[in-house]
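Thank you all for coming; I would like to walk you through one structure this morning, taking it a region at a time. Please have the sequence and the picture open while I talk.

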Amino acid sequence: MRRATPRRYLMCPPTHFQVTYRINPWMDPAKPVDRVLAVFQWEELRDRYRALGHTVEVLDPLPELPDMVFAANGATVVGGRVLGARFANPERTEEAPAHLAWFRANGFGDVREPEHVNEGEGDFAVTASWILAGQGFRSSPLAHDEAQVFFGRPVISLELTDPRYYHLDTALAVLDDAGDEIMYYPGAFSPTSRDVLARLFPDALLATAEDAAVLGLNAVSDGRNVLLPRAARGLRDPLRARGFEPVPMDVSELHKAGGSVKCCTQELRPAAR
Ligand code: ARG
């Protein structure tokens, strides 16, 4: 049986959540969102983390930033060091300083304002051996080098080619970061990136197109419990077969902006890990 390790997460409530612009193919400003329901679903996610024994810090939401609920995009924290974000789209630019201010006010000493475009954990995923990094739609490949130098860990660049999977965390999730266990959807990556993934992770759980299309890979694992969108039914048995505990969550409203469980959850990795 797998063992969970306690985590510390940063989340931001969807108080001002809306779909008013379109920066990914999931977003349709003509389609109404139910903000009350979004807040309810977000609170369920937050409470589930806490019930599992994890710490959830809360970042104050700002008006005029309807995507700020996707806290994973605001920074990347590895070994207690914080690499801030620089957003690709002007609609989200102002989220980055809000994250930097939170880290500075909360005792994080090593905080870097980045030089190159990177959308935080949207495009960076941390395993035991590597930092996997997405590019193609949002983060710049130059940000991959910047992260490698800043964190002192090998960064593996991966190219995303399907606009529905515009962030790495829409197509790949780390299941066990004490090791190098991941799940991903090969169809989201260029052929050479698929080869790289197959070589580094020969035992990875491969998701079907159906589970990817409900953002099933936008999942958060604590080493045992894997919180994932409820609609990703096909992933549950393969996860159980590997000793993980799938925890289905209903995040249907946030899906309308192209986000799901992982997008709402930034992990604050402490200095020891
Ligand atoms: N509407 C947001 C955007 O397109 C969704 C971000 C989802 N976050 C994520 N980590 N994939 O930027």
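**Around the ligand, and outwards**

Let me begin with the ligand, which has 16 residues around it, and of these Phe 70, Gly 122, His 167, Gly 259 and Cys 263 come nearest; a residue is near a molecule or strand here if its C-beta atom, placed from the backbone, lies within 6 Å of it. Sorted by class, that shell holds six nonpolar, seven polar and three charged residues, where Ala, Val, Leu, Ile, Met, Phe, Trp, Tyr, Cys and Pro count as nonpolar, Asp, Glu, Lys and Arg as charged, and the others, Gly among them, as polar.

Before going on, I should say that this is a predicted model, in which local features need pLDDT of at least 70 and side-chain atom pairs count only at pLDDT 80 or more, while totals for chains, interfaces and linings use all residues. Residues are numbered from 1 along each chain, as its sequence is written. The pLDDT, which is the predictor's confidence in each residue on a scale from 0 to 100, averages 97 over the chain, and 100% of the residues score at least 70. For the complex, the predictor gives an ipTM of 0.96 and a pTM of 0.97.

Now to the sheets. When I say helix or strand, I mean DSSP runs numbered from the N terminus, helices being H or I with at least four residues and strands being E with at least two; two strands pair if DSSP finds at least two bridges between them.

One open sheet has three strands in the order S3-S4-S5, with mixed pairing. Strand S3 (75-78) and strand S5 (111-112) stand at its edges, each with a single partner strand, so one side of each has no neighbour in the sheet. Strand S4, residues 81-84, pairs with S5 in the parallel sense over two bridges, and the bridge partner of Leu 83 in S5 is Arg 112. Helix H2, residues 95-105, packs on this sheet and touches S3, S4 and S5, its direction making about 165° with that of S4. Contact between two residues means that their C-beta atoms, placed from the backbone, lie within 7 Å, and the angles, which run from 0 to 180 degrees between N-to-C directions, use axes that are lines fitted to C-alpha atoms, for helices over the stretch in contact.

Another open sheet of three strands has the order S6-S7-S8, and its pairing is mixed. Its edge strands are S6 (124-126) and S8 (155-159), each of which pairs on one side only, and neighbouring strands of this sheet are turned by 25° against each other on average, direction ignored. Helix H3, residues 141-151, packs on this sheet, touching S6, S7 and S8, with its direction at about 160° to that of S7. Helix H3 also lies across S3, S4 and S5, running at about 160° to S4. Within the S6-S7-S8 sheet, S7 (residues 131-135) and S8 pair in the parallel sense over five bridges, and Leu 132 has Ile 156 as its bridge partner in S8.

Further along the chain, is strand S13 mostly covered or mostly open? Strand S13, residues 225-229, is mostly covered, for five of its five residues are buried; buried means 20 or more other C-beta atoms within 10 Å of a residue's own, exposed means 12 or fewer, and partly exposed lies in between, with C-beta atoms placed from the backbone. Strand S12 (residues 220-221) pairs with S13 in the antiparallel sense over two bridges, whereas S13 and strand S14 (residues 245-249) pair in the parallel sense over five bridges. In the hairpin of S12 and S13, which has three residues between the strands, Gly 223 takes a positive phi near 100°.

Let me finish with three loop residues.

Pro 14 is found in the loop between strand S1 (8-11) and helix H1 (35-51), and Pro 14 is buried because 28 other C-beta atoms lie within 10 Å. Its C-alpha atom is separated by 5.0 Å from that of Val 69, 55 residues apart along the chain.

Most residues other than glycine have a negative phi. Glu 64, however, has a positive phi near 75°; this residue sits in the loop between strand S2 (55-58) and S3, and Glu 64 counts as exposed because 10 other C-beta atoms lie within 10 Å. Leu 215 also has a positive phi, of about 60°, in the loop between helix H5 (209-213) and S12, but Leu 215 counts as buried, with 27 C-beta neighbours inside 10 Å.
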